[in-house]
Amino acid sequence: MTPSAQRLALALGDPNGIGPEIALKALQALDAEARGRITVFGPSAVLERAAAVTGLLSLLPQLKLVEAGTLPDSAAQPGRIDPAAGASAVASATAAINACRGGQFDAVIACPHHETAIHQAGIAFSGYPSLVARVCGVPEDEVFMLLVGGGLRIVHVTLHESVRSALDRLTPELIQRAVRAGARACALLGVDNPSIGVFGINPHASEGTLFGPEDAHIVLPAVAQLHTEGYRIDGPQGADVLLAQRRHDLYVAMLHDQGHIPIKLLAPNAASALSIGADALLSSVGHGSAMDIAGRGIADPTALLRTIALLSGAPTHPTPKNPPA
């Protein structure tokens, strides 16, 4: 893939959420050439229902669609958390990832899923990075989330798990894998040899060992090894200090909230979430499936448009602002 991927597979996410609506709104905002380089993966009946709600039925004949993740009529209800809808989201994303791995697309964009619906379907899932890892046949601890938004890029060493579990899993080797994956992703996005700032685990990166031994025993050895490999890397330092300085191209968060909170503050409902480290690049959006407004046609496609632009550089036409999804 180059910094401007041209062929994108767009999976609809949870069919009972806002994914189908924002997909149509985003595609309508693109020019015809950019729209033609995107193929939608999902149930056609769900897309037709969303087109009726959003007033975009005339757009449907212009779209390329791969039928995937068929949803039974009994489960198709906007705003409903349903295991069949969860299974549909996984199936459409899986089909898109496999098509990307097969060389048909340069990257995958996935609309928001609903984790409860997926778990109700009996599918092991802890976010799109875990799905990318499983489909690509690599260990889950080799695929990481990179959040992009508000002028920040933050790769997460751990993600959707308890703090206790995350602390038990943090090792120098895991941090090194996250940094390497983050640096490769930056290159794909046009930032070669990024400067990297690594957050500490504990407040103030432990003040030596005043607040605990974790940074000295886990993060420092990881940074030292990466220095020897030629990475331009600093840390560990307190996340608050590094973010206040804003002098790095890429930041490395040890825990979910360390990375999510600053980006959600700076780019509410407008961030991109990339799953990096495998042989298929997938990006979702930094917000959820918004079941409370699904089916009303008011969801805001801004985050999806920014994700499309991030991966393709596609120009968009101005669209009216809607209430946040």
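**Angles, edges and confidence**

Modeller: In this predicted model, helix H9 (residues 214–228) lies across strand E7 (195–199) and E8, and H9 runs at about 170° to E8.

Biologist: What makes H9 roughly antiparallel to E8?

Modeller: The angle of about 170° is set against the cut-off for roughly antiparallel, which is over 145 degrees, and H9 therefore counts as roughly antiparallel to E8.

Biologist: H9 also meets another helix, H8; why are H8 and H9 called oblique to each other?

Modeller: The axes of H8 (residues 172–188) and H9 come within 8 Å and cross at roughly 45°. An angle that is neither under 35 degrees, nor over 145, nor from 65 to 115 counts as oblique, and H8 and H9 are therefore oblique to each other. H8 passes H9 in a right-handed crossing, with Pro 172, Ile 175 and Val 179 among the contact residues of H8, and Ile 218, Val 219 and Leu 226 among those of H9. By class, this contact has eight nonpolar, three polar and one charged residues.

Biologist: How do you know that H1 is oblique to H12?

Modeller: The axes of H1 (residues 19–29) and H12 (residues 302–312) come within 9 Å and cross at roughly 55°, which makes H1 oblique to H12. The crossing is right-handed, and the contact is made by Ile 22, Ala 23, Ala 26 and Ala 29 of H1 together with Leu 304, Leu 305 and Ile 308 of H12.

Biologist: How many residues of the contact of H1 with H12 are nonpolar, polar or charged?

Modeller: Seven are nonpolar, while none is polar and none is charged.

Biologist: Why are H1 and H3 described as roughly perpendicular to each other?

Modeller: The axes of H1 and H3 (residues 44–54) come within 9 Å and cross at roughly 65°. The range for roughly perpendicular is 65 to 115 degrees, and H1 and H3 are therefore placed in that class. Their crossing is right-handed, and Pro 20, Glu 21, Leu 24 and Lys 25 in H1 meet Val 46, Leu 47, Ala 50, Ala 51 and Thr 54 in H3. The residues of this contact divide into six nonpolar, one polar and two charged.

Biologist: Turning to the sheet, what makes E3 and E8 edge strands?

Modeller: Eleven strands form an open sheet in the order E3-E2-E1-E4-E11-E10-E5-E6-E9-E7-E8, with mixed pairing. Strand E3 (64–67) and strand E8 (232–237) each pair on one side only, and that makes them the edge strands. Neighbouring strands of this sheet are turned by 25° against each other on average, direction ignored.

Biologist: How do you know that E1 and E2 pair?

Modeller: Four bridges join strand E1 (residues 8–11) to strand E2 (residues 38–42), and pairing requires at least two bridges, so E1 and E2 pair. These two strands run parallel, and the bridge partner of Leu 10 in E2 is Val 40.

Biologist: What is the peptide bond between Gly 235 and Pro 236?

Modeller: That bond is cis, with omega at about 0°, and Pro 236 lies in strand E8. Most peptide bonds are trans.

Biologist: Where is the pLDDT below 50?

Modeller: The protein chain averages a pLDDT of 92, and 94% of the residues score at least 70. Over residues 1–5, however, the pLDDT is below 50, and over residues 314–325 the pLDDT is also below 50. Where pLDDT is low, the predicted coordinates should not be read in detail.

Definitions and conventions:
Residues are numbered from 1 along each chain as its sequence is written. This is a predicted model: local features need pLDDT of at least 70, side-chain atom pairs count only at pLDDT 80 or more; totals for chains, interfaces and linings use all residues. Side-chain values use heavy atoms; hydrogens and water are left out. Axes are lines fitted to C-alpha atoms, for helices over the stretch in contact, and angles run from 0 to 180 degrees between N-to-C directions. Contact means heavy atoms within 4.5 Å. A crossing is left-handed if the near helix is turned anticlockwise from the far one by less than a right angle, and right-handed if clockwise. Ala, Val, Leu, Ile, Met, Phe, Trp, Tyr, Cys and Pro count as nonpolar, Asp, Glu, Lys and Arg as charged, and the others, Gly among them, as polar. pLDDT is the predictor's confidence in each residue, from 0 to 100.
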